[in-house]
Amino acid sequence: MVVQQKFNDLKDASHDDKKTVATSIAVFVVIILMIAWGFLFLKKVQRTDLKTLENGAVPTDQFDMNLIRPNERNQAQYDPTDDIRNLRNNTSQDDVSASGGGSVAPGTTDDFGNSGGF
C-alpha cells in the first residue's frame, strides 16, 4: 500500500525527481548484482583445486633438464672478455681501413671539413 502510494506520487512528480528515483534504483540493482557475482566468484575459487608447485619451482614437465645442464656447463666455460677484445680489435681495424689510414692529404679536406697539412 505504501509502495503503491509512492508510485502514484511519482507519476505527478517533476522529470528531475523521476530521474533521481530511476538512478537510485539502477545503482541499487548494480550493487546487488556485484555482491551476488562476488559471492559466486569466491565460491568458485574455493572449489577450484589449484596445482601447487613443489618448493615454488617451475613444474619439471615445462623444461627438458637434459638440455639445460650441458648449456650450464658451456656457460661456465664462456669468457665474454675474449669476445669484447675481438670485437674491439676488429672494429678498430675496419675503421682504419675504411678511413684510408686516418690521415688527410695536405691541401685537401675530408668529409668533415678537416684540412690536411700541418
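The mean pLDDT of the protein chain in this predicted model is 75, and 54% of its residues reach 70 or more. Confidence is not spread evenly along the chain: helix H2 has the highest mean, at 93, whereas helix H3, covering residues 65-77, has the lowest, at 63. Where pLDDT is low, the predicted coordinates should not be read in detail. With that in mind, the local description below stays with helix H2, where confidence is highest.

In overall make-up, the protein chain contains four helices and zero strands, which gives the pattern α-α-α-α when read along the sequence. Burial is scarce here, as 2% of the 118 residues count as buried. The protein chain exposes about 11,400 Å², and carbon and sulfur atoms supply 59% of that area.

A nonpolar patch on the surface offers a good place to look more closely. Its members are Val-21, Ile-25, Phe-28, Val-29, Ile-32 and Leu-33, and together they present about 550 Å² of accessible area. One of these residues, Ile-25, lies in helix H2, which spans residues 15-47. The relative accessible area of Ile-25 is 47%; Ile-25 is therefore classed as partly exposed, because the exposed class begins only over 50%. That value also satisfies the requirement for patch members, because they need over 30% relative accessible area.

Helix H2 also carries an aromatic contact. The count of aromatic pairs comes to one, and this pair is formed by Trp-37 and Phe-41. The ring centres are 5.3 Å apart, with 15 degrees between the planes. The arrangement is classed as stacked, because planes under 30 degrees apart fall into that category. The sequence positions fit comfortably with this picture: Trp-37 and Phe-41 are four residues apart in helix H2, so about one helical turn separates them.

The two partners fall into separate accessibility classes. Trp-37, at 58% relative accessibility, counts as exposed, because the value is over 50%. Phe-41, at 41%, counts as partly exposed. Neither ring residue is classed as buried, because that label applies under 20% relative accessible area.

Definitions and conventions. Residues are numbered from 1 along each chain as its sequence is written. This is a predicted model: local features need pLDDT of at least 70, side-chain atom pairs count only at pLDDT 80 or more; totals for chains, interfaces and linings use all residues. Side-chain values use heavy atoms; hydrogens and water are left out. Patches are made of residues with over 30% relative accessible area and no salt bridge: like charges are joined within 9 Å, nonpolar side chains (Val, Leu, Ile, Met, Phe, Trp, Tyr) within 5 Å. Accessible areas come from the Shrake-Rupley method with a 1.4 Å probe; for residues, only the protein chains shown count as cover. A salt bridge is a side-chain nitrogen of Lys or Arg within 4 Å of a carboxyl oxygen of Asp or Glu. Helices (H or I, at least four residues) and strands (E, at least two) are DSSP runs, numbered from the N terminus. Buried means under 20% relative accessible area, exposed over 50%, partly exposed in between (1.4 Å probe, protein chains only). Rings of Phe, Tyr and Trp (its six-membered ring) pair if their centres lie within 6.5 Å; planes under 30 degrees apart count as stacked, over 60 as edge-to-face and the rest as tilted. pLDDT is the predictor's confidence in each residue, from 0 to 100.
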